[in-house]
Amino acid sequence: MTEPKHGVVLGGGWAGMLAAHVLARHLERVTVVERDVLPDGPRHRKGSPQGRHVHVLWSSGARIVDTLLPGMIDQLLDAGARRIGFHQDLVTLTSHGWQHRFPPRQYALMCTRPFLDWKVRDRVLATGRITLRQRAEILDLAGDAKRVTGVRVRDMDSGAAETLAADLVIDASGRGSRLRHWLSALDVPPLEEDIVDAGIAYATRVYQGPPGAAAGFPAVNVAADHRLREPGRFGVVYPQEDGTWMVTLSCTRGAGLPTHDDEFLPYARTLRHPLVADLIALAKPLTSVAVSRVGANRRLYPERLDIWPEGLLVLGDALAAFNPIYGHGMSSAARAAAALDTELQRSGTAEGTTRRAQQAISATVDDPWIMAASKDVEYVNCRMNTTDPRLTGGAVARQRFSDLIADRSIRSSAVCDVVTDVISLTAPQSELASSGFLSLMHKDRVLPELTEPPLTADELALVNLSPRSAVSAGGS
C-alpha cells in the first residue's frame, strides 16, 4: 500500500458496505463490485437468500455502526426497527427451561435484513467517495503471491472484461466467495478451512400481528434441547419494522422442515412448547414459506499462512460464516470493519499493513466461531471437519460446563448479565472462565424454575391469549 489511492471491495452487502465506508476514510477512492443490482428500497435480492429469514444486530455491532455512521441506530429506530432489551423484552425457552426476564444488560436491533442493508447502504454511498459497480462478476485477482494489484471483472450485461487496479482489495463476497480458487491461481498455499455443519435449515413466513402487539409484545424464542440426542427444532417470532412478525422455524439435520404453507403451523406445534404455534394460529400470514438450507459454520485461516499477499484482505462471511441462529454474522462484520479502521489508523500505508490488518480481522471472529461451532457439535448428525482442539477434545467436560452455565443463567440475574455480554460479543468468551465469573456462579441468588412462559396478563391480552390457554397448551 504505497501511497494508496484506490480500494476495491468485492461484494455490496452488509460487510462490504461497512468495509467500503472504512476504506473511504483512508483512501481517495473506493469501488464496490457487486453481481446484483442493489435495490433502492427494502427489497430482497437474489444474492442474499438468507435475507428472507430473521436477523438481529447485537448491541456490540450496533455501537460500532453508530461510531462509523453517527446517528445510524436512531435513524433505524425512528424508521421502525425494534430495540429488544435482553432479556426484558424477550421470552425464551432455552435448552434448560424458561429464561427469567431480567432487566436488560444488552440489546438487539430487530428488523428485516433488506431494510437494514438499504438504510446503511444509503448512508455509506451518500458520501460520494464510493463508486458502485453493479452487475459485475469477479474473474480473478491481479498480481502475484507477494502482492495483489487489483481485480479482473466482467460486465455481466456486455460481457466485457477489464482489470481494476487497486492498492487494496477486500473480499466481502460472502459464503459464495471463490477466494481459495483465486489464491491458488496466484500460487498462494491453500488456506486451512474448518467446517462444523449441523445441517441447519430455515423456513420463514411473515405475519400481521394483532393490533398493538408490534410495539408492546416481546420477541419469542423456543429453542431445542440438545441433551435429548435428537434432531433439534427451533422457532422464533420477531417483530419487524413495519409492525409485522417474522416467524422463522428451523431444524438441524434429520428433523425435516416445512416447505409448504399448509405445513408451517403443524410444524410449529412440534416445538418443545406451543407458544409460537399459538401466536401464529391467531395471526394473518402475509407471505408464503421461504426456505434456506445454508447454515454451516465455516472458517478460513489466512492469518496462519507464511505467505499472504500484500494488498488483500478477507472479511465477513467470506472469512467466517456462522449458523445464523446465533445472530452473530452482522455484528462480526462490524467488528471486522472496526478492526480494519483501527489498523489503518495505526499503521497507515506501511509495508505489512494488510497482514497485520488480516490478523486483527481474523481475531474478531474467534469468539463467535467457537460459540457457534461448540454449540452445533452437540446436535446429533452434526458433520465436522476441523482441527480446532477446542472442538475435537474434551467434549464431555465442555458440554457439562456449558450446561451448568445455561442452567444458572436463566435463573440468576448476575450470571445472566455476564453470559449476555459474551453472547452479544460485548465481552470476550474468556470471561466465562474467569475467577470472578466462577465465583458468581456459586454465590449469586438463583430464582425458582419457571414452568410456563413469563408473559404478563396484559401481554397475553395483546395477542388474544389467556394465561390458562397458554399453560394448558404447554401440557398437551
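The following exchange walks a newcomer through a sheet, a pocket and two backbone details of a predicted model.

In this predicted model, local features need pLDDT of at least 70 and side-chain atom pairs count only at pLDDT 80 or more, while totals for chains, interfaces and linings use all residues. Residues are numbered from 1 along each chain as its sequence is written, and side-chain values use heavy atoms, with hydrogens and water left out.

Trainee: Which strands are the edge strands of the open sheet?

Mentor: Strands here are DSSP runs of E with at least two residues, and helices are runs of H or I with at least four, both numbered from the N terminus; two strands pair if DSSP finds at least two bridges between them. Five strands form the open sheet with parallel pairing, in the order β8-β2-β1-β12-β21. Pairing on one side only marks the edge strands, which are β8 (130–133) and β21 (312–314).

Trainee: What is the bridge partner of Val33 in β8?

Mentor: Strand β2, residues 29–33, runs parallel to β8 and is joined to it by four bridges. In β8, the partner of Val33 is Arg133.

Trainee: At about what angle does helix α10 run to β21?

Mentor: Axes are lines fitted to C-alpha atoms, for helices over the stretch in contact (heavy atoms within 4.5 Å), and angles run from 0 to 180 degrees between N-to-C directions. Helix α10, residues 353–364, lies across β12 and β21, and its angle to β21 is about 5 degrees.

Trainee: Where does the second largest pocket lie, and why?

Mentor: A pocket is an open set of points on a 1 Å grid over the protein atoms alone, where a 1.4 Å probe fits, with protein on both sides within 12 Å along at least five of seven lines; lining residues have an atom within 4 Å of a point. This one is lined by 17 residues, with His44, Thr112, Val206, Met246 and Thr287 nearest its centre. Domain bounds come from an automatic or database domain assignment. Because domain 1 (4–54 + 111–194 + 296–369) and domain 2 (200–292) both give residues to the lining, the second largest pocket lies between them.

Trainee: Which element gives the most to the lining of the second largest pocket?

Mentor: The elements that give two or more residues to this lining are β14 (201–208) and β17 (244–251). With three residues, the one that gives the most is β14.

Trainee: Where is His87, which follows a cis peptide bond?

Mentor: The peptide bond from Phe86 to His87 is cis, with omega near 15 degrees. His87 has its place in the loop between β4 (82–86) and β5 (90–94).
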